[in-house]
Amino acid sequence: WDRQPPERQRFLRFAVVGSIATGVHYAILIALVEIGHVKPLIATTFGYCFGVITSYTLNRRFTFRDTAAPVASSFLKFVLLYGIGAVLNGTIMSTVMSFGAPYLIAQVVATGLVMVWNFLGARFVVFR
């Protein structure tokens, strides 16, 4: 793991953190849709918000090891970055569902595309 180039290490750590945050997101999404009978686009927004909090906490400590920037300022940047990601997520999910795809397939597509946006923004804006 530590023999990987620094950017590759960061991306691998980001992917691990992203998997955990995505698990939180999907668990909330599925629970709200299947148990709570909430519409998928509303449920994914709630799940995404909880995933963002999980992601920030783990990325700050594990991925980017940022202890210099005050939490308030880096969290604000992170929330703005992931807010744009939430809009992208909803737009992509809605678009894929409009072609008849099930909501979970649409969410998987959206997750993959939004992950690239989130990594670049976290690396070069939030935790630079």
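In this predicted model, the side chains of Glu7 and Arg10 come together in a salt bridge, with N and O 2.4 Å apart. Both residues sit in helix 1, 3 residues apart, which is about one turn of the helix. Glu7 has a second partner as well: Glu7 also pairs with Arg123, and here the closest N and O atoms are 2.7 Å apart. This pair ties together distant parts of the chain, since Glu7 belongs to helix 1 and Arg123 to helix 4, with their positions 116 residues apart. Put together, Glu7, Arg10 and Arg123 make up a network of salt bridges. A search of the whole structure turns up 2 salt bridges. As for the general idea, side chains of opposite charge can pair when their charged atoms come close.

How buried or exposed are the members of this network? Glu7 comes out at 34% relative accessibility, so Glu7 counts as partly exposed. Arg10 is at 23% and therefore also falls in the partly exposed class. Arg123 has a relative accessible area of 16%, and because the cut-off for buried is under 20%, Arg123 counts as buried.

Helix 4 also shows up in a helix pair. Two packed helices are described by the angle between their axes and the distance between the axes. For helix 3 (residues 71-98) and helix 4 (residues 103-126), the packing angle is about 155 degrees and the axes lie 8 Å apart. Angles over 145 degrees count as roughly antiparallel, so helix 3 and helix 4 get that label. The crossing of helix 3 past helix 4 is right-handed. Sorted by class, the residues in this contact are 19 nonpolar, 7 polar and 1 charged.

Back in helix 1 (residues 6-35), Val17 is worth a look. At just 1% relative accessibility, Val17 counts as buried, because the cut-off is under 20%. Which residues does Val17 touch, once neighbours within four places in sequence are set aside? The contacts are Ser55, Leu58, Asn59, Phe62 and Thr63. As for Phe124, that residue is 107 residues from Val17 along the chain, and the C-alpha atoms of the two are separated by 17 Å.

Terms used. Residues are numbered from 1 along each chain as its sequence is written. This is a predicted model: local features need pLDDT of at least 70, side-chain atom pairs count only at pLDDT 80 or more; totals for chains, interfaces and linings use all residues. Side-chain values use heavy atoms; hydrogens and water are left out. Helices (H or I, at least four residues) and strands (E, at least two) are DSSP runs, numbered from the N terminus. Buried means under 20% relative accessible area, exposed over 50%, partly exposed in between (1.4 Å probe, protein chains only). Contact means heavy atoms within 4.5 Å. Axes are lines fitted to C-alpha atoms, for helices over the stretch in contact, and angles run from 0 to 180 degrees between N-to-C directions. Angles under 35 degrees count as roughly parallel, over 145 as roughly antiparallel, 65 to 115 as roughly perpendicular and the rest as oblique. A crossing is left-handed if the near helix is turned anticlockwise from the far one by less than a right angle, and right-handed if clockwise. Ala, Val, Leu, Ile, Met, Phe, Trp, Tyr, Cys and Pro count as nonpolar, Asp, Glu, Lys and Arg as charged, and the others, Gly among them, as polar. A salt bridge is a side-chain nitrogen of Lys or Arg within 4 Å of a carboxyl oxygen of Asp or Glu.
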